[in-house]
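Here is a short report on a protein model and its ligand. Look at the binding site first.

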Amino acid sequence: MSLEEITARIRKAEAEAGRALGATELIAVSKRQPDEVVEAVLAQGHRVFGENQVQEAAGKWPDFREKYNGAEVHLLGPLQTNKARQAMELFEVIHSLDRPKLAKTLARLAQELGQCPKLFVQVNTGEEEQKAGVLPGDADDFVAECRALDLPVVGLMCLPPVEEEPSLHFALLAKIAERNGLDGLSMGMSGDFERAVALGATHVRVGSAIFGARDY
Ligand SMILES: *Cc1c(COP(=O)(O)O)cnc(C)c1O
């Protein structure tokens, strides 16, 4: 699907939900895509991208940024504390703040660097064993802890279980965000971004629908 088609579908979902047109930001997820296809989207003027790994992003974004001004790159995948400094230097936004140890490390580095990316707290809405994110029942305390550390938490992120109806998870995430006074909702991917927009997503993360299947 072209970038225009995806954008049109997002605008339509916003209109149907009675939301302001343009309320949802499209993050083009460029992880594991060949450089040419990412550059084609940059050349069309799109500037907001998502990556899953610090290493992979470090390999390609410095060059892309040199060629195309104004790119904003979001880290979507899990972040190890030993890569936190590099991540803070590479990304404008991090969507995977998911544990106290990482929060403390980011807070210390923010002091040292004098800056910090915007942060989304990842919530494991499906309470899946293998998945990152704080449990829904721990989210309020964790958000408070991050705020006490002066971290710029702007919203919540979730990655629903593949076999479940995502809308239930999007609604839960929206509820947790609302009671914590957070505006940002990072939810919805290629298969379900319209449902996420209907439930208030401010950031949808769309990869394969834009770029095609990934090369694993
Ligand atoms: C890969 C990935 C996406 C994009 O997934 P698609 O199904 O290709 O749209 C979104 N969010 C996260 C966290 C991802 O890892």
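Which residues are around the ligand? The model is predicted: local features need pLDDT of at least 70, side-chain atom pairs count only at pLDDT 80 or more, and totals for chains, interfaces and linings use all residues. Residues are numbered from 1 along each chain as its sequence is written, and side-chain values use heavy atoms, without hydrogens and water.

The ligand is surrounded by Val29, Lys31, Asn52, Leu76, Leu159, Met189, Ser190, Arg205, Val206, Gly207, Ser208 and Arg214 (a heavy atom within 4 Å counts as near). By class, this shell has 5 nonpolar, 4 polar and 3 charged residues.

Three residues make polar contacts with ligand oxygen atoms (N or O pairs within 3.5 Å):

| Residue | Partner atom in the residue | Distance to a ligand oxygen |
|---|---|---|
| Asn52 | side-chain N or O | 3.0 Å |
| Ser190 | side-chain N or O | 2.5 Å |
| Gly207 | polar backbone atom | 2.8 Å |

Taken alone, the ligand exposes 390 Å², and the protein buries 90% of that (Shrake-Rupley areas, 1.4 Å probe).

UniProt, in an unreviewed entry, lists residues 2-214 as "domain: Alanine racemase N-terminal". This span is 43% helix and 16% strand (DSSP runs of at least four and at least two residues, respectively). Its end C-alpha atoms lie 16 Å apart.

Notes:
Polar contact = N/O pair within 3.5 Å; in protein donor to acceptor, adjacent residues only side chain to side chain. Nonpolar A, V, L, I, M, F, W, Y, C, P; charged D, E, K, R; others polar. UniProt positions renumbered as here; feature names shortened; annotations may be inferred.
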